[in-house]
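Colleague: I would like a close look at one part of this model, the place where the ligands sit. Please go through it step by step, then show me a few other spots.

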Amino acid sequence: MATPLLQVHNLNVEAGGNRILTGIDLEIAPGEVHAIMGPNGSGKSTLAHVLAGREGYDITAGEVLYEGRNLLELEPEERARGGVFLAFQYPVEIPGVNNTYFLKAAVNAVRKHRGETELDAMDFLALVKEKMKLLEMDDSLLNRPVNEGFSGGEKKRNEILQMALLDPRLAVLDETDSGLDIDALRIVARGVDSMRGAERSFLVVTHYQRLLDYIVPDHVHVLANGRIVKSGGKELALELEEKGYSWIDDEVVKEAR
Amino acid sequence: MSTDSIRRVTEGEYKYGFTTEIETDSVPPGLNEDVIRLISAKKEEPEFMLEWRLKAYRQWLKMKEPHWAHVEYPPVDYQEIVYYSAPKQKPKLKSLDEVDPELLETFEKLGISLEEQKRLAGVAVDAVFDSVSVATTYKKKLGELGILFCSFSEAVREHPELVQKYLGSVVPYTDNFFAALNSAVFSDGSFVYVPKGVRCPMELSTYFRINAADTGQFERTLIIADEGAYVSYLEGCTAPMRDTNQLHAAVVELVALDDAEIKYSTVQNWYPGDKDGKGGIYNFVTKRGACRGRNSKISWTQVETGSAITWKYPSCILQGDNSVGEFYSVAVTNHYQQADTGTKMIHIGKNTRSTIISKGISAGHGQQSYRGLVKVMKGADRARNYSQCDSMLMGDRCGAHTFPYIEVKNPSARLEHEATTSKIGEDQIYYCKQRGLSEEDAVNLIVNGFCKEVFRELPMEFAVEAQKLLSVTLEDAVG
Ligand SMILES: Nc1ncnc2c1ncn2[C@@H]1O[C@H](COP(=O)(O)OP(=O)(O)OP(=O)(O)O)[C@@H](O)[C@H]1O
Ligand SMILES: [Mg+2]
């Protein structure tokens, strides 16, 4: 088996005095797609943000290795440049900052780190237009301030556009499907699916099986009360959809509490 | 011609004017009627000018220094200020190697050209740089259009009728303590007259400099746009201006007649004092524009990053029917800087409109107040005002305060006021970093976005400089 791209061992996280993650173990090999499902408040976004390097969390135990190196000691921008991408559940608005300008700055920051030449305005525009076509996005979003006044669905598409532009090795998608209409879901999911490859891995957080029809996962995990209480193949998502979380062994859930 | 070269040229002129006209050094510190007579005599002023200065002085003696602004500073001893001194040549250095490396580093970050760096740092510049031919071309072009653009002293000598007609007509010497003082002792400044129907084809620009140490600086600027005329004027520069504690009490008067428009843009970066708040310039300025004619328009745009204390309210008197006043401001206070700034919009004519967009950024121990007055007089039917005051805080030791004053005497007026105060978003910084941007780039991006509505009012080159200036000013402000 290939060496895992991401290894999470016994990760324990607190925030604001609450224990949120209590012993997460997770390994993602290159090319794999893992889905994480679980009830509201179970800690899915917390896990995503801890991987991305957001401040304000106490890592009380455990470790996270990315490409074999300690991920937790890196700044968020170092992780991003190293190929870790997070599509936010709630994308942030940056008033007054032109979306194209922002995307270009991001792309060039990452390219610079990789030792690639920075793209000029023309080349960048060509690249972004190509990716937008894939996601069937409206050009007008380029000239608006980052996420400001975007509809919920537009924000989510903008996240995936950024993923497509930044070409990450590990993409964490936090409920990218929430807020998308049926057509948009199909378009976005196909866009994501087209980016699958032997070198790229995905951690997809979702509440709905539907997304996984398009992005078929290799593994599905159920997160409850800060812990992975069950893991399985793609059929686990189907079962969950059918029976709800209460179906999962009551014992396990109780224990987790 | 680029703004830079224009600025260089006007700067050259300025210097030239001084060296030819003034031979004496300074008078002893202190102020009395003899000092004022001396100033006027040195400048070979006509009688009316001296009379005016003396009247202003006598008025000033009866006034008290105001203390209503939200700023604190040790008392100013007005008898310790030197009120007249010929500009001493800055010590000429032979090369940039002799200049304070820290200053050079700042120049570098601001993207100031080598030649410009030399000039600002007082290094001898070669003849090509101080090119007379550029100045001549420039003067010629303005001359052909009948536009007058010269130092205030020159205007007093060459165009006394215009000076006498308009000087003090917007800011009378009775206006306030600092305006009275300025009127009595003003050193020099700029004068612009754009004749009827002429659109000034280039931006007029002048550096304001404090020439010799411990000399209170009293600039006087008068800009007149005759009927249907247009002019855009740039004041200041982004390069840091170093000096010891100094009072800077300038007066700027703008007059727009029927259908005329004046756009006045300022980038102010006087020495703000060190990180502990020592030193720095007191910038107490009176700026006011009169939209005297119908359909006239005056826009103030300012980017204030310097000075230990800034106290200024560029204002518009909207006298002509349908006249328009605008105020766009970005003010930054870092370390121990204090700023109390804003505007006054006085609606007198019918259908007068005003817009106020103020963006305040506080970091470190910086204290900042927005103070704005919107006054609608009885006859100002259907006057309209829109005000928006946003404050951004970086860290938790700084402060932002908003003091909006509204006086409405006409029921048909419509006024809108919006105000927000926010901390620079941790989430925004994190989001940018997650996309690979450094913290510094993230902060710059967010701050520039915050100031966008103001920056877009600045002439293109100025806007680029202003953005850079902001990022240098706010270095290390977060984190
Ligand atoms: N900074 C914080 N301080 C205190 N509690 C926090 C903090 N961040 C998250 N929590 C709590 O941790 C729990 C997990 O939150 P998280 O956002 O990770 O849930 P989630 O699984 O993503 O939920 P959802 O499905 O609703 O998005 C919640 O109860 C939340 O209130
Ligand atoms: Mg969540």
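Modeller: What follows starts at the ligands in chain A and then moves on to other parts of the two chains. Keep in mind that this is a predicted model.

Begin with the metal. Which residues give donor atoms to the magnesium ion, ligand 2? They are A:Ser45, through its OG atom, and A:Gln89, through OE1. Both lie 2.0 to 2.1 Å from the ion. In sequence these two are 44 residues apart, so the pair links distant parts of the chain. A:Ser45 belongs to helix H1 of chain A, residues 44-52. A:Gln89 sits in the loop between strand E6 (84-87) and strand E7 (94-98).

How covered are the two donors? The cut-off for buried is under 20% relative accessible area. A:Gln89 has 17%, so it counts as buried. A:Ser45 has 21%, so it counts as partly exposed.

Now turn to ligand 1. There are 15 residues around it. The nearest are A:Gly41, A:Gly43, A:Lys44, A:Ser45 and A:Thr46. Notice A:Ser45 in that list; it is also a magnesium donor.

Which part of chain A gives the most to this shell? Helix H1 does, with three residues. Strand E2 (18-28) and H1 each supply at least two. By type, the shell holds 10 polar residues, three nonpolar and two charged.

Next come some polar contacts of ligand 1. A side-chain N or O atom of A:Lys44 lies 2.7 Å from an oxygen atom of the ligand. The backbone takes part too: a polar backbone atom of A:Ser42 is 3.2 Å from a ligand oxygen. A nitrogen atom of ligand 1 is 3.4 Å from an N or O atom in the side chain of A:Asn18. How much of the ligand does the protein cover? On its own, ligand 1 has 630 Å² of accessible area, and the protein covers 63% of that.

Stay in chain A for A:Glu32. This residue is in the loop between E2 and strand E3 (33-37). Is A:Glu32 buried or exposed? Its relative accessibility is 18%, so it counts as buried. Its contacts help to picture the surroundings. Beyond neighbours within four places in sequence, A:Glu32 is in contact with A:Glu27, A:Arg200, A:Ser201, A:Phe202, A:Asp218 and A:His219. Take A:Arg200 from that list. A:Glu32 and A:Arg200 are 168 residues apart in sequence, yet their C-alpha atoms are 7.4 Å apart in space. A:Glu32 also has a polar side-chain atom 3.0 Å from the backbone nitrogen of A:Ala29.

Now chain B. It has 479 residues, and 61% of them are buried. It contains 12 helices and 19 strands. Look at its contacts with a sequence separation of 6 or more: 85% of them join residues 24 or more positions apart. Its accessible surface comes to about 19,000 Å², and carbon and sulfur atoms account for 51% of that.

One buried residue to find is B:Gln388, with a relative accessible area of 11%. It lies in strand E17, residues 384-393. Leaving out residues up to four places away, B:Gln388 touches B:Ile356, B:Ile357, B:Ser358, B:Lys359, B:Glu418 and B:Glu453.

Helix H10 of chain B, residues 426-434, is mostly covered. How many of its nine residues are buried? Seven are. They are B:Gln428, B:Ile429, B:Tyr430, B:Tyr431, B:Cys432, B:Lys433 and B:Gln434. Just after this helix, B:Gly436 takes a positive phi of about 105 degrees.

Two residues other than glycine in chain B also have positive phi. For B:Glu44, phi is near 50 degrees. B:Glu44 is in the loop between helix H2 (33-42) and helix H3 (47-61). With 57% relative accessibility, B:Glu44 counts as exposed. For B:Asp259, phi is near 60 degrees. B:Asp259 is in the loop between strand E7 (251-256) and strand E8 (261-268) of chain B. At 47%, B:Asp259 counts as partly exposed.

Notes: Residues are numbered from 1 along each chain as its sequence is written. Chains are lettered from A and ligands numbered from 1 in the order in which they are written. This is a predicted model: local features need pLDDT of at least 70, side-chain atom pairs count only at pLDDT 80 or more; totals for chains, interfaces and linings use all residues. Side-chain values use heavy atoms; hydrogens and water are left out. Donors are N, O and S atoms within 2.8 Å of the metal (3.2 Å for Na, K and Ca); water is not among the atoms, so sites may look incomplete. Helices (H or I, at least four residues) and strands (E, at least two) are DSSP runs, numbered from the N terminus. Buried means under 20% relative accessible area, exposed over 50%, partly exposed in between (1.4 Å probe, protein chains only). A residue is near a molecule or strand if one of its heavy atoms lies within 4 Å of it. A polar contact is a pair of N or O atoms within 3.5 Å; within protein, one must be able to donate a hydrogen and the other to accept it, and residues adjacent in sequence count only if both atoms are side-chain atoms. Accessible areas come from the Shrake-Rupley method with a 1.4 Å probe; for residues, only the protein chains shown count as cover. Ala, Val, Leu, Ile, Met, Phe, Trp, Tyr, Cys and Pro count as nonpolar, Asp, Glu, Lys and Arg as charged, and the others, Gly among them, as polar. Contact means heavy atoms within 4.5 Å.
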